[in-house]
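Reader: I would like a close look at one part of this model, namely how its strands are paired, and I would be glad if you could then carry the description on to the parts around it.

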Amino acid sequence: MKKITACALGLLFCLGMKSQTNMSTFISDLMSKMTLEEKLGQLNQLTGDDINTGAPSQTKIGKELIAGHVGSVLNVQGVEKIRLLQKMAVEESRLGIPLIVGLDVIHGYETLFPIPIGLSCTWDLKAIEESAHIAAVEASANGIAWTFSPMVDISLDPRWGRMAEGNGEDPYLGSRIAEAMIRGYQGDYSGKDNIMACVKHFALYGAAESGRDYNTVDMSRLRMYNQYFAPYKAAVEAGAGSVMTSFNIVDYVPASANRWLMTDVLRNQWNFDGFVVTDYATITEMQKEGWGIGDVKTVSAKCLKAGVDMDMVSQGFISTLGQSLKDGTISMADIDRACRRVLEAKYKLGLFADPYKYCDAKRSKEVTYCKEHRDIARRITAESFVLLRNEGNILPLDKTKKIALIGPMADNKGDIAGTWSFSAKPEKYKSVYEAMKAYVGKKGTILCTQGCNLLDDAHQQQAVSNGHGLTPVPRVDDAEAKAEALRIAKQADVIVCAMGECAWMSGEGTSRADLQIPAPQRRLLEALKELGKPIVLLNFTGRSTVLTWESQNIPAIMNVWFGSECGDALCDVLFGDTSPSGRLTMSMPYSVGQVPIYYNHLQTGRPVADGEPYRVFASNYIDQPNGPLYPFGYGLTYSTFSYSDVSLSSPEMNSNGSVTATVEVKNTGSREASEVVQLYIRDIEASISRPLMELKGFERITLKPGESRKVNFAITPELLKFYNYDLEYVLEPGDFSIMTGPDCKHVSQAILKVNK
Ligand code: NOJ
């Protein structure tokens, strides 16, 4: 009887009356029955790895669940397994409080979209929202109530492998994408297919020194507010239900223990009303072997006090907060506050009303990797590819020709889904080779070979392509593999190289100091180039890589970003059914020496414009330009576009007024194609130094050959504001440069005078 109390009560409360008052009364009532231990249990998240063996109730997690010591579980997969866990929580624990089960569903569940950096390159907010919704539909049908996504950390340093999981370097674009993903995952929480989002990693995780994952971060508050905070804030304002802390320090205090960050900024300034979870084992890592700010008891108390509500797997909260309460370092109110927030999340998701809401095996069969999802993923994946070069219009390819497909990614199913794709089922989708063969059918010929090793170092190759449940990229004998590659290439009309990074060369813990195509692949590319045949490089990657040599030697280059439908989507673009339309969301450097590199940087006192020759005593390099090889916003199509100069509806506006900026764009080529029209603004003179330009709007349009369209952008005060020296959000009247164009390097500008 007692075991169904919480859920039975929840059902009564939830039936048609989802008001805040009902939630609050329900939770107060439930909490009045909870022991301290049970309250701490709600703050404890365990990994479900061990339920893969043995009877669930006999596993560690099963026992803890029944004892009421667990509020959440992560890393369990399979709807039946999750149902068993939920059953133990609901039917065998004293109060029957349901579990919230979380997983990293960051670019789809079984239907895998391009990795997030690739999705961002679509600049298509509708598509991104759709992808998040489909991820939620599949995950929710498989027991998952909570995804650890979106990751909105701005990254200016491609050495950091987690650039793959974010949206690139821009705060404005990153904010819009964060909002779209929250909408896609959460909806209004009412549907069976709405799951809770988790914005991560709060905060500044992408600014790790030297691009080395988990490393120190040191940043001025002005930079936080004007550059790095925007996407987290946008996600919170879009209603994100939870926030995950970051591994790094902020002002020398690990983020999870930083009260200023977790309470003053997140709660008081941004009004966040969801719950905060640490990242994996963060509390453990704050002890002297790691950040060194205290033993587990001290740091657990600090984190709770700072504003953290749930401890991901460290078990610091559950094991020490009771004693800290006795010692008086924390109060019952601190524990109650955190417990209430976790219970509220469960209530909002409807788990008290129906704890098995996400455990519908029938729905799982119907929706997981269904045809409809795959078709949408194929379309969105095709939208994400960024064509960097296409000299002599090598692309699109003629499918009746003989094609040599070469490289470690050519016939590789394990890796094609990309980083963080634990639910991928490689047996269900195609490699690039399989997709190409199916696409050309009897009309053409595809010859294929791996051609080289992924990396020279066998240990490194094993490390990046193993341990993630993937089939490792095979080791090959260099000379033999190269000979075979040359043999098939000689027979072919065109060579397509599927090279670059495998899935886990980007993502967590995958920093790289050298950003070029790995050496063995580069050597093969050089040898293939010597054949003098048309070559296309498909650059598989999760970050900005250095393609300086390739850009001088390989006529066609396209960045591709994984996904279960990547093979089919590549055929759609390579053979010209659709024109490439992705645009870079991060600058691609000439060399790693330019890193960090980003378009929205400040001016210096001794500026040198990109493209000008080297000048001594000025801010530039002797041996390389300041600007990138490929700029933010850049990408080619199979057509061409012309832009008019930007015009303003009025050259002046009041600080509470608005003007319209207009640019006319024409498709001057011979194919239908999509263009991303971009708006940038510069505050020319202000009380603090302001960036040279900042993205403030964009519109993705599709034009037929010869068609033109006027694109309007409303310039509102909001677009002109920034945080001043005192961290006040202000608009300072004066002159602003309003710029439009196809990327950040090719813009026309008009001056707007803003009066008081
Ligand atoms: C660690 C990662 O930093 C985080 O992004 C992820 O959500 C958690 N592990 C859970 O898997």
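Author: A convenient place to begin is the pairing of β5 with strand β6, which covers residues 242-245: the two run parallel and are joined by three bridges. Within that pairing, F202 has T245 of β6 as its bridge partner. Please keep in mind throughout that this is a predicted model.

The pair belongs to an open sheet of three strands, whose order is β5-β6-β9 and whose pairing is parallel. Its edge strands are β5, residues 198-202, and β9, residues 275-277, each of which pairs on one side only. From one strand to the next, the twist averages 25°. As general background, the strands of a sheet pair through backbone hydrogen bonds, and they may do so in either a parallel or an antiparallel sense.

The next element to consider is helix α11, which spans residues 259-269 and in which W260, L261, M262, T263, V265, L266 and R267 are buried. At the start of α11, a side-chain oxygen of N258 comes to within 3.1 Å of the backbone nitrogen of W260, and W260 is itself one of the buried residues of the helix. After α11 comes N271, which has a positive phi, near 60°.

A further set of pairings involves strand β27, residues 746-755, which is joined to strand β19, residues 652-654, by three bridges, with the two strands running parallel. In this pairing, M653 has V754 of β27 as its bridge partner. Strand β26, residues 734-743, also pairs with β27, but in the antiparallel sense and over eight bridges, and here the bridge partner of I738 in β27 is A750. The connection from β26 to β27 is a hairpin, made through two residues. Strand β27 therefore illustrates both senses that are open to paired strands in general, parallel or antiparallel.

Finally, there is a feature of the surface to consider, a nonpolar patch formed by Y614, V616, F617 and I622, which together have about 490 Å² of accessible area. One of these residues, V616, lies in the loop between α23, residues 566-574, and β17, residues 641-643. V616 counts as exposed because its relative accessible area is 54%, and the cut-off for that term is over 50%.

Conventions: Residues numbered from 1 in each chain as written. Predicted model: local features only at pLDDT ≥ 70, side-chain atom pairs only at ≥ 80, totals over all residues. Heavy atoms only, no water. Patch = residues over 30% accessible without salt bridge, like charges linked within 9 Å, V, L, I, M, F, W, Y side chains within 5 Å. Areas by Shrake-Rupley, 256 points an atom, 1.4 Å probe, with all protein chains shown as cover. Salt bridge = Lys/Arg side-chain N within 4 Å of Asp/Glu carboxyl O. Helix = DSSP H or I, 4+ residues; strand = E, 2+ residues; numbered from the N terminus. Buried < 20%, exposed > 50% of the residue type's maximum accessible area, 1.4 Å probe, protein only. Pairing = 2+ DSSP bridges. Axes fitted to C-alpha atoms, helices over the stretch in contact; angles between N-to-C directions. Polar contact = N/O pair within 3.5 Å; in protein donor to acceptor, adjacent residues only side chain to side chain.
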